[in-house]
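Open the structure in your viewer and keep the selection tool at hand. This tour goes stop by stop, and each stop tells you what to select.

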Amino acid sequence: MLSFVQSSLHRPRGPSHYWLNTTTGSKDLFKENGIILVLIGEYLEASFEANQNTVNMFEKAKSLQQRYPFLQVVALQHGKSICPNDTSTNVLQRIVEKYVTFPIVLCNKDIFEMANRPCYIISKDFQNPMVYPSENVDLKVLDKAIHDLNAENSNKPKLDDVKSTWVKSIEIVKEPDVCSASRNLLFSFPGCISVDESSNRLFLSDVNHHRIIVFNSNGKILDAIGSSPGFEDGEFESAKLMRPAASFYHDFEDCLYFVDSENHAIRKADMEKRVVETVFPVTEGTKNPGLWKWILDKIWMEKKTNLKSEEFNSDSFLFPWHILKSSNNDIFVLNQSFETLWIVDLESGFIREVIKESSKILEICGQIILDKCIPLKQLPSIWLEEQTKNNCSMDGIPYAGLMSSFATCSDNVVFCDTVGQQVIKFSKGSESAKSFQFSNFGILGLPYWLASSLERVYAVDEISGIEPDHSQSFHLPPGRVDIEMNVNIPKDADLVEQPQEGSIWRQARGAAVEVSGVENKAASSEKVGVAQQWYDEIDNLSFSTPQEESSTIEQSKIPGEELQEGKLRIRCTVNTSPGTSEAIVYAALYMRLKKNSNSRASKAERIADMIDPQKKTKKDLLVKLLMTSHVDLEELVFTRPLHVRIKFSCGDHKKADNSKAIVLTDSSVKVDVTLL
């Protein structure tokens, strides 16, 4: 088995196998030297037991890979039903749902008679493999095997605390290849939802976008919690989450409690202060509040938990998914497979008890889950079965895996459609169903995968591997330049709404500074150096209050003007100096297909082309996922990224008559952009 995996590393597809979840453009899947963990399992699409076991194996492998970044992981799924010429939609959905970042090889070759049971294989350089049956193997055993192998070559093995992923920056967070292909959809695995009926607020965990979206019953987006993948407390715009899952609203505190699945944490969002805090694990950083703590967080100083590395085992708080409020001050937290229950004291933030026995778990919280799932009886059984293909459940509660995926709001059942990537509203009285029509997308800001870091833009002449939608050069005298961008959107698409300020990102580099929106400031403030501006921005970020920020948002103008159908306008202003400079504009345009008579496959392909114009991901994977759902593709909202770069070449300043002063010139340019 190990030799087969090794021999197929350089062959993405063969007569009896094919690889999934590999990095686009990479010739080799991974290095053949080093410590390797291989997961072996039989592919049984309709088997609940096989699915349950696969979930457990994937979770253990992911936790080990987080703990040991050097560990190379690959999963091998074998079965007679596998067709090498047709990618399994079931496997694709599982990758999206479980956020599997390692490659998977599917094979129908009959060489696995010895592997009649799922197992783990650990080896170094594909030599001297150690085989561990997956059934009842403790995570601590696998951890020790990897630790010992690594210790042979290093007296100081490098490991990361699996509970501490905040040291990861955006640039090094690896995402599954399938998720990268679909991340420009409005939602990427909208997995969980909760409600605050008194204030007409719903809290949607947009899981693979690492954020929680707050909206009302009309679909108007009110707020967004989380900015990008990672682990960082702070204001909603700067807090970092990693696959937030189930949540519940605490009315008295006006707080949303939620599990941060990939960070193995319980966190709290204060809805009034708009601040995210970590409830569990308790960190030493919580003892040092204030400005100094904020500075330490911003320069990525490592936080330390009160939990020790040697406590890493199957009882560790790993991949929580469901969260339930008990009658006392405790909360019940379960993983997706329902094999572990953690009882957490909400006040202290410590785990009181860990329960692994399924019968005892059912005894403690079975009735709560059963009561919570009662509204599911009002939903069509065929539709529920589609949602539960890859879900785990509990004995006697068939749809328990969906208990965090819906909420009751007035006379409606609001459900997360993780297959169609949308949110559905079921009316209890009429038994009708329709998808939410969302609005106010500017609140979501510019998606983290579109915004380039300042350091990267200023360090190189071009952003590596990214071609703009439009690039244009101008020769102008130095001074103020007003840029008017007129954008023609694709003829077969409609704008859901004109772009708002929050979904547009502008930056100037070289001999220029971007001054859009500061026309009313005093002239002296425009002459402040770039370094001082940066420090001023840090001060404003550190000491501004939520009320100040809210008023700024309310007073901001929407830069996209009402034009004729199929057009939008974005303005940008820069102050240029002698030399070369460049203005860079990114925007997230929320669109949907126009009604047409094309086939469903043609519509799916067109959406795939528009959301990934640079062809950086695998189009066939996204088309396959879109074709799996029964959603009307003309109702599916997606993001069309806009990227424009405008270059300026400016000569010396003109001299005034007295030859001492300089003359600043005001210029204006128009840029026409056509999106395909």
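Start with helix 14. Select Leu621, Leu622, Val623, Leu625, Leu626 and Thr628: these residues of the helix are buried. Keep in mind that you are looking at a predicted model.

What covers the buried residues of helix 14? The cover includes strand 1 (17-20), helix 3, helix 5 (177-182), helix 8 (381-387) and helix 13 (600-611). Show these elements together with helix 14, then move on to one of them.

**Helix 3 against helix 14**

Select residues 89-98 for helix 3 and residues 619-628 for helix 14. The two pack at an angle of about 100°, and their axes lie 10 Å apart. Angles of 65 to 115 degrees count as roughly perpendicular, so helix 3 is roughly perpendicular to helix 14. Now show the side chains at the contact. Helix 3 brings Thr89, Leu92, Gln93 and Val96. Helix 14 brings Leu621, Lys624, Leu625 and Thr628. By class, this contact has 4 nonpolar, 3 polar and 1 charged residues.

Stay on helix 3. Of its 10 residues, 9 are buried, so the helix is largely enclosed by the rest of the structure. The buried ones are Asn90, Val91, Leu92, Gln93, Arg94, Ile95, Val96, Glu97 and Lys98. Step on to Tyr99, which follows the helix. Its phi is positive, near 55°.

**Zoom out**

Now show the whole protein chain. How many helices and strands does it have? The secondary structure comes to 14 helices and 34 strands. The chain has 676 residues, and 55% of them count as buried. Take the contacts between residues at least 6 apart in sequence: 70% of these join residues at least 24 apart.

**A hairpin**

Select strand 9 (residues 211-215) and strand 10 (residues 221-225). They pair in the antiparallel sense over 4 bridges. For one bridge, pick Ile212 and its partner in strand 10, Ile225. The two strands form a hairpin with 5 residues between them. In the turn, find Gly219, with a positive phi of about 90°. Then look around strand 10. Of its 5 residues, 4 are buried, so this strand is largely enclosed by the rest of the structure.

**An open sheet**

Next, select strands 12, 14, 15, 16 and 17. These 5 strands form an open sheet in the order 12-17-16-15-14, with antiparallel pairing. Which strands stand at the edges? They are strand 12 (234-235) and strand 14 (244-250). Each has a single partner strand, so one side of each is left without a neighbour in the sheet.

Zoom in on strand 14 and strand 15 (residues 255-260). This antiparallel pair is joined by 5 bridges. Pick Ser247, then look across to Phe258 in strand 15, which stands opposite. While you have the sheet in view, show the side chains. In a regular strand they alternate between the two faces of the sheet.

**Backbone exceptions**

Most residues other than glycine have a negative phi, and most peptide bonds are trans. The next three picks depart from that pattern.

- Arg274: select the loop between strand 16 (265-270) and strand 17. Arg274 has a positive phi of about 60° although it is not a glycine. At 12% relative accessibility, Arg274 counts as buried.
- Pro281: select the loop between strand 17 (275-280) and helix 6 (291-298). The peptide bond from Phe280 to Pro281 is cis, with omega near 0°.
- Phe189: go to the loop between helix 5 and strand 7 (190-196). The phi of Phe189 is positive, near 60°. Is Phe189 buried or exposed? It counts as buried, at 7% relative accessibility.

**A buried glutamine**

Select Gln422 in strand 24 (residues 422-427). It is buried, with a relative accessible area of 11%. Leaving out residues up to four places away in sequence, Gln422 touches Phe187, Pro190, Phe415, Cys416, Asp417, Ser435 and Val631. Show these side chains around it.

**Last stop: cysteines**

Select Cys409, which counts as buried at 7% relative accessibility. Then select Cys572, buried with a relative accessible area of 3%. How many disulfides are found in the whole structure? The search finds 0.

How values were computed:
Residues are numbered from 1 along each chain as its sequence is written. This is a predicted model: local features need pLDDT of at least 70, side-chain atom pairs count only at pLDDT 80 or more; totals for chains, interfaces and linings use all residues. Side-chain values use heavy atoms; hydrogens and water are left out. Two strands pair if DSSP finds at least two bridges between them. Axes are lines fitted to C-alpha atoms, for helices over the stretch in contact, and angles run from 0 to 180 degrees between N-to-C directions. Angles under 35 degrees count as roughly parallel, over 145 as roughly antiparallel, 65 to 115 as roughly perpendicular and the rest as oblique. Contact means heavy atoms within 4.5 Å. Ala, Val, Leu, Ile, Met, Phe, Trp, Tyr, Cys and Pro count as nonpolar, Asp, Glu, Lys and Arg as charged, and the others, Gly among them, as polar. A disulfide is a pair of cysteine sulfur atoms within 2.5 Å. Buried means under 20% relative accessible area, exposed over 50%, partly exposed in between (1.4 Å probe, protein chains only).
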